[in-house]
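Here is a walk through one chain, from a single glycine outward to the whole fold. Keep the viewer open and follow along.

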Amino acid sequence: MSANTVDRARPVPGRAASDKQGNPLSRGVAIGYLSLIVLIPLAAVVWRSTDSGVEGFLQAISNPQALAALRLTFLASLAVVAINVATGTLIAWVLVRDSFRGKAFVNAIIDLPFALPTIVAGLTLLALYGPESPFGVNVAYTQVAVVIALLFVTLPFVVRAIQPVLLELDRDMEEASVSLGASELQTFLRVILPNLLPAILSGAALGFARSLGEFGSVVLITGNIPFETQVASVYIFGQVEGDNATGAAAVSVLLLAISLLVLFAMSLLNRWGTRHDR
């Protein structure tokens, strides 16, 4: 082996570390853009929420109307998560494992809530389930309407989280389980579900975080009735209209903190689910 070959094969000191660290300019641009678009506006909201001090912040989030709106938002979001976990898993299973006419159309419909403006979704839901419903179902201005609106906008999260996992799932494990005498239910619970669980929880966490701050789809169909159908995002909007920006910012910061905790938990779940790959 020649000296030139040895020199080319020998690792250059510092190259691996440099490749791992990346380009400082790229990192600077990414962090600067993230700060300008996300971090600075969030910091401004947090700063605005403390205009009246800590006591004013606590008073704003403990206001009876605010507490009622937060309670409804959390309970409705939890109900939506439970429904989405069941129906989202079923829909993803059908789209991946079954073949039927119109499958491509159904698969495209799943993403419709992402593409449709949420205020249009609210108007559509009001036309379908309001006083002039063609189906004779009127749930407008009730808490049921809150759940229906949130279900509409959060449908894709669990479905899209589970689909790629189902596509990559090793079918040999299922066949081996069946060959050993396990029923279809036992195979699903003991072989398939453990592999799907991280994706299910991730999709549920994203749907929950989206439900906490949803506005457009609920503002029309719920009627914004204080202590009955008013959710947190609509309450915040009402506070802004009432020239109480500090109170609105305080409730917004509380929702932001909860959403960040949920997303952080989702990140931990993703790391746990991919621990074997690492």
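Start at Gly216. Setting aside neighbours within four places in sequence, Gly216 is in contact with Thr118, Ile119 and Gly122. One of these partners, Gly122, is 94 residues away along the chain, yet the C-alpha atoms of Gly216 and Gly122 are separated by 6.3 Å. The model is predicted, so read these values as properties of the model.

Where does Gly216 sit? Gly216 belongs to helix H12, which covers residues 216-219. Is Gly216 buried or exposed? Its relative accessible area is 7%. Buried means under 20%, so Gly216 counts as buried.

Now move past H12 into the loop that leads to helix H13 (232-241). Asn224 lies in this loop. Its phi is near 55 degrees, a positive value in a residue other than glycine. Asn224 has 29% relative accessibility and counts as partly exposed. The class follows because partly exposed covers the range between the 20% limit for buried and the 50% limit for exposed.

Phe227 lies in the loop between H12 and H13 too. Phe227 is not a glycine, but its phi is positive, at about 70 degrees. How does its side of the accessibility scale read? Phe227 reaches 52% relative accessibility. Exposed means over 50%, so Phe227 counts as exposed.

Next, turn to helix H3, residues 24-49. Tyr33 has its place there. At 58% relative accessibility, Tyr33 counts as exposed. Tyr33 also helps to make a nonpolar surface patch of about 760 Å². The other residues of the patch are Leu34, Leu36, Ile37, Val38, Leu39, Ile40 and Leu42.

Finally, step back to the whole chain. How many helices and strands does the chain have? There are 14 helices and zero strands. Read from the N terminus, every element in the run is α. The chain has 278 residues, and 33% of them count as buried. Gly216 is a buried residue, whereas Tyr33 is exposed.

The exposed area of the chain is about 16500 Å². Carbon and sulfur atoms supply 65% of that area. Contacts give another view of the fold. Take those between residues at least 6 apart in sequence: 74% of them join residues at least 24 apart. The approach of Gly216 to Gly122, 94 residues apart along the chain, offers a local place to look.

Methods. Residues are numbered from 1 along each chain as its sequence is written. This is a predicted model: local features need pLDDT of at least 70, side-chain atom pairs count only at pLDDT 80 or more; totals for chains, interfaces and linings use all residues. Side-chain values use heavy atoms; hydrogens and water are left out. Helices (H or I, at least four residues) and strands (E, at least two) are DSSP runs, numbered from the N terminus. Buried means under 20% relative accessible area, exposed over 50%, partly exposed in between (1.4 Å probe, protein chains only). Contact means heavy atoms within 4.5 Å. Accessible areas come from the Shrake-Rupley method with a 1.4 Å probe; for residues, only the protein chains shown count as cover. Patches are made of residues with over 30% relative accessible area and no salt bridge: like charges are joined within 9 Å, nonpolar side chains (Val, Leu, Ile, Met, Phe, Trp, Tyr) within 5 Å. A salt bridge is a side-chain nitrogen of Lys or Arg within 4 Å of a carboxyl oxygen of Asp or Glu.
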